[in-house]
Amino acid sequence: MRTKTFAAAALLAAASLTLTACGSGNDSDKPVAVVSEQAGTEKAATVLDKPFEKPDLVLTDTQGKKYDLRKETEGKPTLIYFGYTHCPDVCPSTMSNIAVAKKQLPKAEQDELRVVFVTTDPDRDKPAELGKWLKGIDPQFIGLTGDFPTIQAGARTLGISIDPPHKDKNGKIISEHGTQVIAFSPKTDGGYVLYGEDATVDDYTKDLPKIAKGENP
Amino acid sequence: MRRRLGPAALVIAGALALAGCGGSDSESGDSGSGSGKAELSVGSAYMPQPVSDEMAAGFFTVTNKGGAADELTSVTSEIAGQVTVHETVGSAMQEVKGLKVPAHGELVLKSGGNHLMFEQLKRKPKEGQTVSVELHFAHSGPVEVEMPVKPATYNPKTGH
């Protein structure tokens, strides 16, 4: 009986090695089998030992009004993301994931939550454009624009580096987006949880109720 | 006696592994038809419902069973004035002239990596619709793809 189990185990081990070997031939950097094995156990949230201080950003909101990030979001659970609207892939999916998860919070908590999208492409993302784009995702989301060096400096204090938009040889503008969403606690106003761009709706749905209370997800 | 089952099983599995993978480098010398050219098929295509009618993204996987590489060179669609192929480098996305489809390999377009960018949309694609896309390659003939429009938050790993 025992030996049989061992044989089966050996076969399984060999089979998974096979998958790994084949997978890596196609997709150069990641063996397919290993990635899918870990997907279930991996946590999307990274809780920081040393939270980030909220950046001291004073920018312009989608109404064209001055928005002092620290003042406006003090004592509120806050998510901050740096991106741009001429971004077909990661920026809309990140914001949409948060929007869908947010709708599953009780109404009062939805109203407390501040989701702040700071543009990395302020020349194109004027208040009106930003407002129109965010309205298509969640009308409660806050969009901020301003001058690029201010935005870049604010992002840098959160460990996010963004280069200014530049033109490629066809004259098309290339902008950059941050790869992380940072959650700030309503209790300490510290940025204590990070999410990578592969965080899903389910991850945010599971974690937002905790973040709303300043607890660790 | 029974104990030898273990190593024996391992050896058999090892042989299977060799048979399964061996193709990738040795098959190019085969006399079979098809081995000297690309044999493409396209799967896992989808478009996340875009935020606005300005731009959209598209993803799919091209599988090449043939013994020669090919290259995705351009894309056209009934829905967009322009479709371009992009790669993601760090946190920037940039247009590329083409993307290689390796022999006996795959070209994967997925969120956070290579993707199509649809611009000058003629209408805003809505969840449940399909978008017709034609892929053009350096060597193989064009491939028509019916791309289903999925929710903005669609994740192919979980299927929702």
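**Cores and odd phi angles in a predicted model**

The largest nonpolar core here is a set of 47 residues, and those with the most contacts inside it are A:Leu79, A:Met95, A:Val116, A:Phe117 and A:Ala183. Helix α4 (residues 90-102) of chain A gives the most to this core, chipping in six residues. Keep in mind that this is a predicted model. Two residues of chain B, B:His104 and B:Gln120, also deserve a look for their backbone angles.

**Nonpolar cores**

- Nonpolar side chains tend to be buried together in soluble globular proteins.
- Take A:Ala183: setting aside its neighbours within four places in sequence, this residue is in contact with A:Leu79, A:Gly191, A:Tyr192, A:Val193 and A:Ile211.
- There's also a second, separate core, this one of 27 residues, and it includes B:Ala38, B:Val83, B:Leu116 and B:Met117.

**Positive phi in chain B**

- Most residues other than glycine have a negative phi.
- B:His104 isn't a glycine, yet its phi is positive, at about 50 degrees.
- You'll find B:His104 in the loop between β6 (99-101) and β7 (105-109) of chain B.
- B:His104 counts as buried because it has 22 C-beta neighbours inside 10 Å, and the cut-off for that is 20 or more.
- B:Gln120, another residue other than glycine, has a positive phi near 50 degrees.
- B:Gln120 sits in strand β8 (residues 115-121) of chain B.
- With 12 C-beta neighbours inside 10 Å, B:Gln120 counts as exposed, since the cut-off there is 12 or fewer.

Conventions. Residues are numbered from 1 along each chain as its sequence is written. Chains are lettered from A and ligands numbered from 1 in the order in which they are written. This is a predicted model: local features need pLDDT of at least 70, side-chain atom pairs count only at pLDDT 80 or more; totals for chains, interfaces and linings use all residues. Helices (H or I, at least four residues) and strands (E, at least two) are DSSP runs, numbered from the N terminus. A nonpolar core is a set of buried Ala, Val, Leu, Ile, Met, Phe, Trp, Tyr and Cys residues joined through C-beta atoms within 7 Å. Two residues are in contact if their C-beta atoms, placed from the backbone, lie within 7 Å.
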